[in-house]
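User: Hi! I have a structure open and would like some help reading it. Can we go through it together?
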Amino acid sequence: MAKYNAEFTPPSATVLTELYYAETDTVAPTQVFGVQGIPEVDTPPDDITYRTLESDVEFGVPGVKPFSAIEVEILYYKEQYTTLKALEGKNLFWYVKLPDNTAGSTPAAKSLVKKWKGDFRITLAALELDDMVKCMLKIYKATAPEDLTTGLPTGGG
């Protein structure tokens with residue numbers, strides 16, 4: 001049975017997780033509002049499995065990371081939709097900022113941020129009875145997501 005470990009930080013809830021974008025990685029990013037959920041940003045590599053004649057066990061090693069687009073459902077705000085629609089076709093920098101204090105306990109650490117670059121498309125999502133009007137933001141990754149522990153860029157450099 002597992003025991004309490006005082007060295008572990010308590011787990012964080014997903015509340016206050018935020019999505020941002022920026023045209024360059026030196027400007028302060030713009031927040032995307034009305035985010036309904038964020039799927040996996042960074043996926044593990046596919047398995048490469050192998051067997052040998054001497055064993056009745058199959059073995060595996062990490063292979064290549066598969067491409068996967070990120071589909072984010074957001075509430076429809078006409079101003080945000082118009083702004084994003086005008087940026088379609090550009091490779092933007094994308095950031096997912098986890099809640100505060102998820103990057104560690106050092107003074108420089110803030111929130112863990114996933115950063116990657118990618119093209120995107122924004123469309124209206126399915127319209128359903130008694131639901132809010134939503135958009136689907138589909139981001140095509142052009143770079144591998146990386147972890148930033150210093151928070152979001154502030155636009156100072």
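Analyst: Happy to! One term to start with: a pocket is an open set of grid points where a 1.4 Å probe fits, with protein on both sides within 12 Å along at least five of seven lines. Also, keep in mind that this is a predicted model.

User: Cool, how much space lies in the largest pocket?
Analyst: The largest pocket holds about 200 Å³ of space.

User: And which residues are closest to its centre?
Analyst: T17, I38, P39, V96 and L98 are the closest, out of 13 residues that line the largest pocket. Sorted by class, the lining has seven nonpolar, three polar and three charged residues.

User: New topic: helix α1. Which residues are buried there?
Analyst: In α1, which covers residues 78–87, you'll find Q80, Y81, L84 and L87 buried. They sit on the same side of α1, because they cover an arc of only 125° around the axis.

User: What do those buried residues pack against?
Analyst: Several strands: β1, β2 (30–32), β6 (70–75), β7 (92–97), β8 (113–124) and β9 (134–141).

User: And what's on the other side of α1?
Analyst: There, K78, E79, T82 and A86 are exposed. Just after α1 comes G89, with a positive phi of about 90°.

User: Last one: is K3 buried or exposed?
Analyst: K3 has 76% relative accessibility, and exposed means over 50%, so K3 counts as exposed. You'll find K3 in the segment before β1 (18–22).

User: How far apart are K3 and V113 in space?
Analyst: They are 30 Å apart, C-alpha to C-alpha, and 110 residues apart in sequence.

Terms used. Residues numbered from 1 in each chain as written. Predicted model: local features only at pLDDT ≥ 70, side-chain atom pairs only at ≥ 80, totals over all residues. Heavy atoms only, no water. Helix = DSSP H or I, 4+ residues; strand = E, 2+ residues; numbered from the N terminus. Buried < 20%, exposed > 50% of the residue type's maximum accessible area, 1.4 Å probe, protein only. Arc of directions from axis to C-beta. Contact = heavy atoms within 4.5 Å. 1 Å grid on protein atoms, 1.4 Å probe; cavity = no way out; pocket = protein on both sides within 12 Å on 5 of 7 lines; lining within 4 Å. Points joined across faces, edges and corners; volume = space filled by probe spheres on them. Nonpolar A, V, L, I, M, F, W, Y, C, P; charged D, E, K, R; others polar.
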